[in-house]
Amino acid sequence: MKRKLPLLQELLKYHDEKNLLLSIPGNKCGIGFLGDEFGEKFANRLGFLDITEVDPLDNLHCPEGVIKEAQELLAKTYKAKKAYFLVNGSSSGNLAAIFSAFDEGDEVLVERNCHKSIYNGLILRKLKVKYIEPIIDDENGVFLPPDKENIYNALRACLNPKGIILTYPNYFGITYDIKDIIIDLKLKGLKVIVDCAHGAHFGINKRLPKSVASLGDYVVLSAHKTLPALTQGAYLLVNEENSVLEFYLKAFMTTSPSYLIMASLDYARYYLDNYGGNDYEKMIDTAEIWKEKINKLKKVRILCKDDLNEQYKAKMITETKIKSNEEYDIDLSRYILILPKGYSGHKLLDYLRNQKIQAEMSFSRGVVLILSPFNTEEDFKRIYEAISNLKMNSISAQIESKYFSHIPEKKFEPYEVFKLNGEWCEVEKSVGHIAKDAIIPYPPGIPLVCQGEIISANAIDIIKDYVDNKKSILGVENNKVLVIQFAQEIVN
């Protein structure tokens with residue numbers, strides 16, 4: 001009797017379902033490679049192109065030939081001084097950037113809404129952290145990037161800051177004009193790292209948010225999230241001279257890099273150069289037409305930049321603050337479906353999945369759909385019909401959990417927590433305890449509570465929402481979280 005193949009069999013079964021993929025990867029399960037002769041040959045020969053370093057194919061850890069040429073072309077596309085292929089995802093690029101830019105004990109500003117890999121880097125590099133407070137849009141149920149005021153408030157609270165780590169865009173595809181801020185921070189002597197995981201396509205078309213690839217000292221792009229590249233394929237763009245960078249790149253990447261991933265990264269850059277501008281123009285035109293049709297159904301509302309800026313302006317007026325000229329922007333290659341209050345985004349995601357539409361993520365009030373130039377008119381019609389047939393009473397919610405902008409009180413730096421013993425505590429009884437592990441809803445992979453912070457009642461409400469809806473939340477096992485033993489005695 002043949003042994004089972006649980007992972008492979010389930011993967012083949014999923015593919016046979018022919019789901020409409022409105023999530024990562026950007027290649028949309030291979031469809032993104034079928035637009036021209038080179039991509040189609042690559043996709044058709046995928047299983048036969050897996051090779052290691054042989055003479056004509058160069059070596060990622062010491063590029064002198066075709067890999068070097070491909071990376072030089074990549075730097076030109078993004079107008080960066082240097083560019084590197086990453087085969088261990090953006091996480092490896094974030095780690096290499098953090099270790100290159102900072103020394104142990106340095107104080108660093110960090111946007112609270114950053115990815116788990118950034119937090120891992122803070123711990124591994126033993127950095128002192130000052131968090132930038134997030135902005136919450138309660139009306140739409142989403143979090144926004146920090147604005148200039150929040151960034152500079154955090155900067156003023158620092159003792160001796162060495163750098164800043166920003167996320168652009170956030171997981172919802174929302175951006176803020178940070179060009180002048182980055183330039184000013186660099187003039188102040190701060191190293192600037194920008195995690196642009198979801199913005200590898202930015203700047204290729206004027207209707208997309210601006211690219212910051214040439215601005216940050218280190219800019220990390222997850223090519224596989226929005227471009228025709230294989231999963232784990234990413235780019236690191238560098239705009240400063242640093243003699244230790246390549247050591248850390250090699251340290252955080254495998255010594256057996258996949259030629260399949262590297263070739264797909266080369267193709268993704270080639271795609272942007274040759275087709276990106278026109279393809280995104282056509283896709284955005286189509287997406288905007290169908291957005292209007294879907295909104296007219298009055299069941300969900302697809303978020304637009306005017307929604308965000310109206311709320312923000314109202315907030316400024318309420319708080320008697322003068323708003324700067326900068327405004328929030330949103331990636332038009334995404335649909336952020338917002339439900340009326342009293343309905344569940346998690347249930348909407350499950351409903352779409354039953355309609356064979358794979359969304360990227362759900363949150364309390366909605367879901368995120370990642371579109372691409374490879375979506376057809378028929379794909380948009382499927383989204384429309386699914387929303388049209390949605391019975392709203394089937395996705396009602398008893399409780400709505402909200403994001404909160406208050407950063408929990410920090411008792412220890414994240415790296416200090418490793419020296420302390422932990423114990424498991426029931427979620428409902430963990431209020432006031434200090435977290436031993438980060439508590440991270442995934443997606444979007446942004447901590448509610450970081451290591452060394454006090455767990456609040458607001459955090460517990462969101463934890464319970466994820467658990468009740470059977471959504472993944474790292475740091476929670478069997479309705480328990482890991483907290484520091486004898487924390488009160490330690491603090492005192």
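In the predicted model, an open sheet is formed by 3 strands in the order E18-E22-E21, and the pairing within this sheet is antiparallel. Strand E18 (422-426) and strand E21 (476-477) occupy the edges, each with a single partner strand, so that one side of each is left without a neighbour in the sheet. Between E18 and strand E22 (residues 480-484), which run antiparallel, there are 5 bridges. Within this part of the sheet, Trp424 is placed opposite Leu482 of E22.

Two helix pairs may be described next, beginning with helix H3 (residues 66-78) and helix H10 (residues 259-296), whose axes come within 10 Å and cross at roughly 35 degrees. The crossing of H3 and H10 is left-handed. On the side of H3 the contact is made by Ile67, Ala70, Leu73, Leu74, Thr77 and Tyr78, and on the side of H10 by Tyr259, Met262, Asp266, Arg269, Leu272 and Asp273. Divided by class, the residues of the contact of H3 with H10 comprise 8 nonpolar, 1 polar and 3 charged.

The second pair consists of helix H4 (residues 89-101) and H5, which pack at an angle of about 35 degrees with their axes 9 Å apart. For H4 and H5 the crossing is right-handed, whereas that of H3 and H10 is left-handed. Residues Ser91, Asn94, Leu95, Ile98 and Phe99 in H4 meet Ser117, Ile118, Asn120, Gly121, Leu122 and Leu124 in H5. The class composition of the contact of H4 with H5 is 6 nonpolar and 5 polar residues, with no charged residues, while the contact of H3 with H10 includes 3 charged residues.

Helix H5 (residues 116-124) also contains Tyr119, a residue that is buried, with a relative accessible area of 5%. Leaving aside residues up to four places away in sequence, Tyr119 touches Glu111, Arg112, Cys114, Tyr131, Pro447 and Cys450. Tyr119 and His346 are 227 residues apart in sequence, and their C-alpha atoms are 26 Å apart in space.

A second buried residue is His224, with a relative accessible area of 8%, which lies in helix H8 (residues 223-226). When residues up to four places away in sequence are not counted, the residues touched by His224 are Ile24, Pro25, Gly26, Ala229, Leu230, Thr231, Gln232 and Gly233.

Side chains of opposite charge can pair when their charged atoms come close. In this model, the count comes to 20 salt bridges, among them one between the side chains of Glu37 and Lys41, at 3.3 Å from N to O. Glu37 and Lys41 are 4 residues apart in helix H2 (residues 37-44) and are therefore separated by about one helical turn. Glu37 counts as partly exposed at 48% relative accessibility, and Lys41 likewise counts as partly exposed, at 39% relative accessibility.

Another salt bridge joins the side chains of Asp217 and Lys186, at 3.8 Å from N to O. Asp217 lies in the loop between strand E9 (191-195) and strand E10 (218-221), and Lys186 lies in helix H7 (residues 179-187), so the pair ties together parts that are 31 residues apart in sequence. With a relative accessible area of 6%, Asp217 is buried, whereas Lys186 is partly exposed, with a relative accessible area of 30%.

The side chains of Lys191 and Glu240 also meet in a salt bridge, in this case at 2.4 Å from N to O. This pair links distant parts of the chain, given that Lys191 is in strand E9 and Glu240 is in the loop between strand E11 (234-238) and helix H9 (245-252), 49 residues apart. Lys191 is partly exposed, with a relative accessible area of 29%, whereas Glu240 is buried, with a relative accessible area of 13%. In addition to these pairs, a network of salt bridges links Arg207, Glu281 and Asp285.

Definitions and conventions: Residues numbered from 1 in each chain as written. Predicted model: local features only at pLDDT ≥ 70, side-chain atom pairs only at ≥ 80, totals over all residues. Heavy atoms only, no water. Salt bridge = Lys/Arg side-chain N within 4 Å of Asp/Glu carboxyl O. Buried < 20%, exposed > 50% of the residue type's maximum accessible area, 1.4 Å probe, protein only. Axes fitted to C-alpha atoms, helices over the stretch in contact; angles between N-to-C directions. Left-handed = near helix turned anticlockwise from the far one by under 90°. Contact = heavy atoms within 4.5 Å. Nonpolar A, V, L, I, M, F, W, Y, C, P; charged D, E, K, R; others polar. Pairing = 2+ DSSP bridges.
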